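Open the model in your viewer and follow the selections below in order. Each stop says what to pick and what is there.

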Amino acid sequence: MNVGGDAHWNRLVVVSNRVALPEQTATGGLASAMRAALQERGGLWFGWSGKIARQTAEQVHRLKDGAVEYATIDLSRADHDDFYDGFANRTLWPLLHYRPDLVDYSRRHLAGYLRVNSVFADHLMSLIGPHDLVWVNDFHLIPLAAMLRERGVRNRIGFFLHTPLPAASLLITLPHHRELLETLASYDLVGLHTARDRRALEEYFLYEIDATMRRDGRLRTHAGRIFRAAVFPIGIDTRQVADDASHADEHEEIGQLRTSLEGRALIIGVDRLDYSKGLAERFQAYARLLERAPELHRKVSFLQIAPPSRGGVPEYRQIRRELERSAGHINGMYAAPDWVPIRYVNSSFPHTLLSGYYRTARVGLVTPLRDGMNLVAKEYVASQDPDDPGVLVLSRFAGAAQELTDALLVNPADTEEVAEALQRALTMPLQERRARWRRMMDVLERHDVTAWRTAFLGRLAE
Ligand code: GDG
């Protein structure tokens, strides 16, 4: 492929904390996007193997699959705990999701984060060819380009942040924020999901780092580094999701779900079990709906799929306990011998099944408190039956709300507003559902995941 008309850059090197190896099914949108980009032009995917070993990176595991090569390293227990559970998931994740109250900072975790990034840099150095285009993903690896530059790497290096980026006034609450965030200037291109995130980055560099904005829109730091921040909202494989959903009837499980509903309208939520997803608030809003609309009793069912994640972090264990209590409480209040208001499921399902579940649901309920994008919102829309589509109720604080303006947009903290939106969604006339769905589907067809990675790589190669 000739990205952005520049044939000079040939191989693609993708770096991310986790690598989806060929025999593993690429679960999230990110993994499948990266795999497709690598298959298209050939390249290397480097990252953590997902395994803990006696020592970090004792050896590099290499694997070749057609034009794509995989190189992964193990982490020691201490490095994993400080870097991944520690600084990435207990410091950066809550900070980037506007939760300074949950930020747990320690010098030890920061040191572990920098240590693992520098191990990544040491290994990558010898894997990168002079004409490779390097694409680093996500908040685990912010300082990687700076470390590669220190080691003499002069390739084009791009970075994509999959989370939101909060305002400078919040970013500065992180101890040593400058030491960390200024390293973003070592990339040539920093991609973000929304204009709000880009503004936050620019504001931070202009007012906290004394950078200047050049006439061509790039930022220049006082040290002379020049880089661009730009918006690339990630998309999904729209056609594939729609196709999977239209064949959903072939799966026994979809039939079983339909039968179990006995004609009730289904509301669905699908999220990693994470406090940023607003699940506790969502359960409250559903309870409020049942309270204010007794006529809906026995007529609706809410299915929340929430596969647990990051079990090594205490906040995640706590939210899990809280949700179990809340679901139990709501069912205890409203359930009847023949009706369970909330079906709360802590396991994960293959994508093909998920799209069938989405299609079965009259309402997609996606109410994160903050989300970089939120692919579930997009998958829900793409899975609908064009003749009888469901309604998306979407948080204003998901990046997806910038594009899916025909969803019913809500503030997830406003229980009353979410309950009202649910009620409206459940009673929305077919004509309005179709019109809203068509406009959202147009957006998803135009801006799918292929368009996303082509735009990012094109800009990087420019
Ligand atoms: C981060 C950012 C940003 C969910 N349950 C199952 C399952 N999933 C899949 C969904 C979807 C993906 O995982 C989740 O993506 P999201 O975007 O909703 O959320 P994060 O995991 O937090 O992703 C986010 C994203 O990166 C991309 O930039 O949008 O803002 O936080 O594709 O379908 N997949 C399978 N079984 C499940 O049970 N197979």
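**Aromatic pairs, then the ligand**

Select Phe-205 and Phe-227 first: both residues are buried. This is a predicted model. The two ring centres are 5.0 Å apart with the planes at 65 degrees, so the pair is edge-to-face. Phe-205 belongs to helix 7 (residues 195–208) and Phe-227 to strand 10 (residues 226–231), so the pair ties together parts 22 residues apart in sequence.

Widen the selection to aromatic rings throughout: the whole structure has 20 aromatic pairs. One of them joins Trp-135 and Trp-452, a tilted pair at 5.2 Å centre to centre and 45 degrees between the planes. Trp-135 sits in strand 5 (residues 133–137) and Trp-452 in helix 16 (residues 449–461), 317 residues apart. Trp-135 has 0% relative accessibility and therefore counts as buried; Trp-452, at 3%, counts as buried too. Add Phe-160, Phe-232 and Phe-456 to see the cluster that ring pairs form with these two Trp residues.

Next, select the ligand and its shell. Which residues come nearest? Of the 23 around the ligand, they are His-162, Phe-349, Asp-371, Leu-375 and Glu-379. Polar side-chain atoms of His-162 and of Glu-379 each lie 2.6 Å from a ligand oxygen atom. For His-351, a side-chain N or O atom is 2.9 Å from an oxygen atom of the ligand. The protein covers 88% of the 730 Å² of accessible area that the ligand has on its own.

Colour the shell by element: helix 12 (351–360) and helix 13 (375–382) each give two or more residues. Colouring by class shows 10 nonpolar, 9 polar and 4 charged residues. Finally, colour by domain: domain 1 (12–235 + 449–461) and domain 2 (238–446) each supply at least three shell residues.

Note on methods:
Residues are numbered from 1 along each chain as its sequence is written. This is a predicted model: local features need pLDDT of at least 70, side-chain atom pairs count only at pLDDT 80 or more; totals for chains, interfaces and linings use all residues. Side-chain values use heavy atoms; hydrogens and water are left out. A residue is near a molecule or strand if one of its heavy atoms lies within 4 Å of it. A polar contact is a pair of N or O atoms within 3.5 Å; within protein, one must be able to donate a hydrogen and the other to accept it, and residues adjacent in sequence count only if both atoms are side-chain atoms. Accessible areas come from the Shrake-Rupley method with a 1.4 Å probe; for residues, only the protein chains shown count as cover. Helices (H or I, at least four residues) and strands (E, at least two) are DSSP runs, numbered from the N terminus. Ala, Val, Leu, Ile, Met, Phe, Trp, Tyr, Cys and Pro count as nonpolar, Asp, Glu, Lys and Arg as charged, and the others, Gly among them, as polar. Domain bounds come from an automatic or database domain assignment. Rings of Phe, Tyr and Trp (its six-membered ring) pair if their centres lie within 6.5 Å; planes under 30 degrees apart count as stacked, over 60 as edge-to-face and the rest as tilted. Buried means under 20% relative accessible area, exposed over 50%, partly exposed in between (1.4 Å probe, protein chains only).
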